[in-house]
Amino acid sequence: MPEDSDTTRWTRATVYPDMWVDPGDDPRETDVQPVDERGILLDYLRNYRLTFEMKCAGLNAEQMARRSVPPSTMSLLGLVRHLTEDERHLRRVMAGEDAPKLYRTEEDRDGDFNGAVADQAVVDEAWRAWRAEIESTDRFLAGVTDLATRNAGFSDYGPEPGGQVQLRDILVAQIAEYARHCGHADLLRERIDGRVGQ
């Protein structure tokens with residue numbers, strides 16, 4: 001937003017002014033407290049997915065596709081598409097699934113961001129794909145209880161491409177990816193309409 005913008009910071013929260021929503025309305029708040037490593041990792045992943053989705057709530061196609069600051073091509077819509085690719089990547093590596101990239105190509109390695117245009121059909125498709133990929137990832141994770149399970153597909157994680165990696169490592173990497181992009185989403189959203197919060 002230009003420096004002379006009249007956009008002001010705001011939140012819907014009434015209990016704590018620096019929160020996105022009040023604790024009673026926060027979908028991340030549950031009565032379930034995971035106590036084991038697997039439960040904790042899955043809970044963090046769930047919470048970061050919800051946080052990201054909340055940061056995009058209520059925006060139109062133009063706002064979703066609005067770029068951050070030149071020369072960056074980052075937008076909230078681009079992040080939806082990027083995180084969709086990451087969900088597919090987890091299953092490609094861990095399950096060895098044939099899950100080709102949806103947006104990135106050899107010719108356009110940033111296709112997830114470059115193709116994020118202000119078109120409601122593009123926005124709707126991105127959310128549909130993201131949710132479908134999360135469902136597929138969650139189905140895979142529900143069937144694997146041992147965090148030491150090794151990858152069945154080619155891994156580009158770790159020091160040696162094609163090496164072995166454990167599910168716990170992939171989950172931590174996925175959580176870190178969401179956390180990183182939730183930080184980007186905080187700034188993008190505030191720049192769009194001034195909304196702030198945890």
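# Exercises on a six-helix chain

From the N terminus on, the elements of this predicted model run α-α-α-α-α-α. The chain has six helices and zero strands.

## Exercise 1. Overall form

Task: Find what radius of gyration a compact globule of 198 residues would have, and set the chain beside it.

Solution.
- Start with the rule. For 198 residues, a compact globule would have a radius of gyration near 16 Å.
- Now take the chain. Its value is 18 Å, which agrees.
- Add the extents. Along the principal axes, the C-alpha trace spans about 50 × 45 × 30 Å.
- Turn to cover. Of the 198 residues, 45% count as buried.
- Then the surface. The accessible surface comes to about 10600 Å², and 51% of that belongs to carbon and sulfur atoms.
- Last, contacts along the sequence. Take those between residues at least 6 apart in sequence: 69% of them join residues at least 24 apart.

## Exercise 2. Charges

Task: State how far apart the mean positions of the positive and negative charges are.

Solution.
- Count first. The chain has 25 positive and 38 negative charges.
- Then compare places. The two mean positions are 1 Å apart.

## Exercise 3. Helix α5

Task: Compare the reach of α5 with its expected length, then find which helices its buried residues pack against.

Solution.
- Locate the helix. Helix α5 covers residues 120-142, which is 23 residues.
- Check the reach. From first C-alpha to last, α5 reaches 33 Å, close to the 33 Å expected at 1.5 Å a residue.
- List buried positions. Among them are Val122, Val123, Ala126, Trp127, Trp130, Ile134, Phe140 and Leu141.
- Note the polar names too: Glu133, Ser136 and Thr137 of α5 are also buried.
- Find the partners. The buried residues of α5 pack against α1 (37-56), α2 (61-65), α3 (76-94) and α6 (167-193).
- Keep one general point in mind. An α-helix has 3.6 residues a turn, so residues three or four places apart point the same way.

## Exercise 4. Helix α1 and Glu53

Task: Describe α1, then decide whether its residue Glu53 is buried, partly exposed or exposed.

Solution.
- Take the length. α1 has 20 residues and reaches 29 Å between its end C-alpha atoms, close to the 28 Å expected.
- Look at cover. Buried residues of α1 include Leu41, Leu45, Arg49, Leu50, Phe52, Met54 and Cys56.
- Find the partners. These buried residues belong to a set that packs against α2, α3, α5 and α6.
- Place Glu53. This residue lies in helix α1.
- Apply the cut-offs. Buried means under 20% relative accessible area and exposed means over 50%. At 25%, Glu53 counts as partly exposed.
- List its contacts. Beyond neighbours within four places in sequence, Glu53 is in contact with Trp127, Trp130 and Arg131.
- Look across the sequence. Glu53 and Cys182 are 129 residues apart along the chain, with C-alpha atoms separated by 9.2 Å.

## Exercise 5. Helix α3

Task: Work out whether the span of α3 fits its length, and how many of its residues are buried.

Solution.
- Do the length check. The 19 residues of α3 should span 27 Å at 1.5 Å a residue; the end C-alpha atoms are 27 Å apart, which agrees.
- Count the covered residues. In α3, 18 of 19 residues are buried.
- Take Glu87 of α3. Its relative accessible area is 0%, so Glu87 is buried.
- List what Glu87 touches. Leaving out residues up to four places away in sequence, these are Arg49, Glu133, Ile134, Thr137, Gln174 and Tyr178.
- Take Met94, also in helix α3. At 3% relative accessibility, Met94 counts as buried.
- Sample its contacts. Met94 is in contact with residues including Phe140, Thr149, Val165, Leu167 and Ile170.
- Add a distance. Met94 and Thr149 are 55 residues apart in sequence and 8.4 Å apart in space, C-alpha to C-alpha.

## Exercise 6. Backbone and an outlying residue

Task: Find which residues take a positive phi just after α1 and α3, and which two residues a cis peptide bond joins.

Solution.
- Recall the background. Most residues other than glycine have a negative phi, and most peptide bonds are trans.
- Just after α1, Gly58 takes a positive phi of about 80 degrees.
- Just after α3, Gly96 takes a positive phi of about 70 degrees.
- The cis bond joins Pro70 and Pro71, with omega about 5 degrees. Pro71 sits in the loop between α2 and α3.
- End with Asp18, in the segment before α1. Its relative accessible area is 53%, so Asp18 is exposed.

Notes: Residues are numbered from 1 along each chain as its sequence is written. This is a predicted model: local features need pLDDT of at least 70, side-chain atom pairs count only at pLDDT 80 or more; totals for chains, interfaces and linings use all residues. Side-chain values use heavy atoms; hydrogens and water are left out. Helices (H or I, at least four residues) and strands (E, at least two) are DSSP runs, numbered from the N terminus. The radius of gyration is taken over C-alpha atoms; the globule rule is 2.2 Å times the number of residues to the power 0.38. Buried means under 20% relative accessible area, exposed over 50%, partly exposed in between (1.4 Å probe, protein chains only). Contact means heavy atoms within 4.5 Å. Accessible areas come from the Shrake-Rupley method with a 1.4 Å probe; for residues, only the protein chains shown count as cover. Lys and Arg count as positive and Asp and Glu as negative; His and the chain ends are not counted. The place of a charge is taken as NZ of Lys, CZ of Arg, CG of Asp or CD of Glu. The expected span of a helix is 1.5 Å times one less than its number of residues.
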